[in-house]
Amino acid sequence: MNVVFLACGYPPEMQQYTRGLAEVGASVYGVGDAPRERLAPSFKQYLTDYLQVPKLLDEDDVVARVAAWMRGRAVDRIEANWEVMVMTAARLREALGIPGMSVDVVRGFRDKQIMKERAIAAGLRVPRSARARSAAEAHAAAAKLGYPLVLKPISGAGSADTYEVGSERELDQTLARTQHVRELSIEEFIDGEEFTFDCVCIDGKPAFMNVAQYLPKPLIARTNEWISPVITTVRELRQPAVADGIKLGYGVLSALGMGTGFTHMEWFRKPSGEVVFGEIGCRPGGAHLVDQMNYTCDIDLFREWARAVCWHSFEASTVRKYNTSIIFKRARGQGRITKIVGLREFMRKYGEFVMEEKLLPLGSQRRNWKQTLLSDGFIILRHPDWRIANQLADIAANEITMYAE
Ligand SMILES: Nc1ncnc2c1ncn2[C@@H]1O[C@H](COP(=O)(O)OP(=O)(O)OP(=O)(O)O)[C@@H](O)[C@H]1O
Ligand SMILES: [Mg+2]
């Protein structure tokens, strides 16, 4: 089983998927932009061979180089788990005639307008929306959809350049701020709670699934620095509150023609109980969501994803034992971390529930919270009881404070 894995070393968790592939018996042909000499030996041991490319995001160039590199060798799979590489993987599969999701299928997961159109065609509830390539098209869309609206890039990530727009004046202001975005998606604003639906699929069927709740919604968390965003996996998936979201998720997977691999979907539940599709990617969620799912069931999804991709099987337990919360912290002030208040007390009282405490140590430079949800570090904790898990997350969010100068 020869697997070409694009972006095998970055973002850092990709090294875990590389390990998973090796552990299920694949020979891993890794592709990355880091020089071979710089790969850590603990990671390099999982690679059969490595190709350094000058620019991972130059699709044409990567396709040409990998095709040349693999000439004369048998390739069974070409995979990528980083959003910006999934289309490159699809193009390579088509170029080399390797099984897996086609360019057309992957387009449905990358282009937010096509994604919504395919979901609508399957009769699913999706925010009303339009594509806009100019201010005139944006105004026409707003006139049709009405306010409030959400304006976001057609192929965005990390809530970048995403805005809630309440009026025509705000629309003009927002268009001025997003001039660098080539194509916008303009959507009906959905008021409600926001959840994920995550799967490892085999031929489009979930072998593993997960739901997590965002507290608060990402758009609010990503525009207010003082907030400590929390994401909690839902242990009990059979409750009515999430059942409709899971049903919607199954519908989306089939509408988009999902194949084998990870999916990460977002959906809303309105106060009325109605569930509405948000977006979906054919790759795992970032920001340690896979670690959270692993802690939820005490399993290793890095390896199980690899097993699904290589052998179309999934062997881990899907019994959900915990609700697992991640709490992202953002320091007050700029510069270097000087003080962390409340952490010792928190660990003394609740340390038995804490799986990881990865707050930036004193002296480290603050991260750019706009660029990475990881912000100035995080705590992962878990508890079998939903209410208690969220109470603990709340305490970590409110009673641990980091300072920077
Ligand atoms: N139609 C909508 N109604 C209400 N809120 C929305 C809508 N579309 C997006 N949002 C908010 O903006 C956030 C970012 O939008 P979306 O998930 O589409 O973009 P993204 O940049 O790909 O996100 P991610 O952070 O998952 O990479 C959503 O999580 C949600 O909170
Ligand atoms: Mg999103």
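# Notebook: loops, helices and buried spots

**Entry 1, Ser 375.** I started at Ser 375, which lies in the loop between β16 (354–359) and β17 (377–383). This is a predicted model, so I kept in mind that every value here is computed. Ser 375 is not a glycine, yet I read a positive phi of about 50° for it. Is Ser 375 buried or exposed? I found 25 C-beta neighbours inside 10 Å, and because 20 or more is the cut-off, Ser 375 counts as buried. A reminder to myself on the backbone: most residues other than glycine have a negative phi, and most peptide bonds are trans.

**Entry 2, Asp 298.** Next I looked up another residue with a positive phi: Asp 298, at about 55°, and again not a glycine. I placed Asp 298 in the loop between α11 and α12, just after the end of α11. With 13 C-beta neighbours inside 10 Å, Asp 298 counts as partly exposed.

**Entry 3, helix α11.** I then stepped back into the helix that comes before Asp 298. How many of the nine residues of α11 (residues 289–297) are buried? I got eight, so this helix is largely enclosed by the rest of the structure. The buried residues of α11 are Leu 289, Val 290, Gln 292, Met 293, Asn 294, Tyr 295, Thr 296 and Cys 297.

**Entry 4, α1 against α12.** On the other side of the Asp 298 loop is α12, and I wanted to see how it packs. Helix α12 (residues 301–311) packs with helix α1 (residues 14–23), their axes 7 Å apart and at an angle of about 55°. The two helices are therefore oblique to each other. I noted the crossing of α1 past α12 as right-handed. Which residues meet there? From α1 I listed Gln 16, Tyr 17, Arg 19, Gly 20, Leu 21 and Glu 23. From α12 I listed Phe 302, Arg 303, Trp 305, Ala 306 and Cys 310.

**Entry 5, Asn 81.** Tyr 17 turned up again when I checked Asn 81: leaving out residues up to four places away in sequence, Asn 81 touches Met 14, Tyr 17, Phe 262, Arg 283 and Pro 284. Asn 81 sits in the loop between β4 (77–80) and α4 (86–96). Although it is in a loop, Asn 81 counts as buried, with 28 C-beta neighbours inside 10 Å. For a sense of distance I took Glu 137, which is 56 residues from Asn 81 in sequence and 33 Å away in space, C-alpha to C-alpha.

**Entry 6, two cis prolines.** I went through the peptide bonds and wrote down two. The bond from Tyr 147 to Pro 148 is cis, with omega near -5°. Pro 148 is in the loop between α7 (135–145) and β6 (149–153). The bond from Leu 215 to Pro 216 is also cis, with omega near -5°. Pro 216 belongs to the loop between β10 (205–215) and α9 (218–221).

**Entry 7, Val 230.** Leu 215 led me on to Val 230, which touches Leu 215, Ser 325, Ile 326, Ile 327, Ala 393 and Ala 397, not counting residues up to four places away in sequence. Val 230 is in strand β11 (residues 230–233), and its 22 C-beta neighbours inside 10 Å make it buried. I also checked Val 230 against Phe 5: 225 residues apart in sequence, 31 Å apart in space, C-alpha to C-alpha.

**Entry 8, Leu 392.** Ser 325 appeared once more, this time in contact with Leu 392. Beyond its neighbours within four places in sequence, Leu 392 also contacts Tyr 350, Phe 353, Leu 381 and His 383. Leu 392 is part of helix α14 (residues 386–399) and counts as buried, with 24 C-beta neighbours inside 10 Å. Glu 183 is 209 residues from Leu 392 in sequence and 41 Å from it in space, C-alpha to C-alpha.

**Entry 9, the whole chain.** I closed with the overall picture. The chain has 14 helices and 18 strands, and its domain assignment gives domain 1 (2–100), domain 2 (128–188), domain 3 (191–321) and domain 4 (323–405). The C-alpha centres of domain 2 and domain 4 lie 34 Å apart. I found that 44% of the 405 residues are buried. Of the contacts between residues at least 6 apart in sequence, 66% join residues at least 24 apart. What radius of gyration does the chain have? It has 21 Å, which agrees with the value near 22 Å for a compact globule of 405 residues. The C-alpha trace spans about 55 × 55 × 45 Å along its principal axes.

Note on methods:
Residues are numbered from 1 along each chain as its sequence is written. Chains are lettered from A and ligands numbered from 1 in the order in which they are written. This is a predicted model: local features need pLDDT of at least 70, side-chain atom pairs count only at pLDDT 80 or more; totals for chains, interfaces and linings use all residues. Domain bounds come from an automatic or database domain assignment. The radius of gyration is taken over C-alpha atoms; the globule rule is 2.2 Å times the number of residues to the power 0.38. A residue is buried if 20 or more other C-beta atoms lie within 10 Å of its own, exposed if 12 or fewer, and partly exposed in between; C-beta atoms are placed from the backbone. Two residues are in contact if their C-beta atoms, placed from the backbone, lie within 7 Å. Axes are lines fitted to C-alpha atoms, for helices over the stretch in contact, and angles run from 0 to 180 degrees between N-to-C directions. Angles under 35 degrees count as roughly parallel, over 145 as roughly antiparallel, 65 to 115 as roughly perpendicular and the rest as oblique. A crossing is left-handed if the near helix is turned anticlockwise from the far one by less than a right angle, and right-handed if clockwise.
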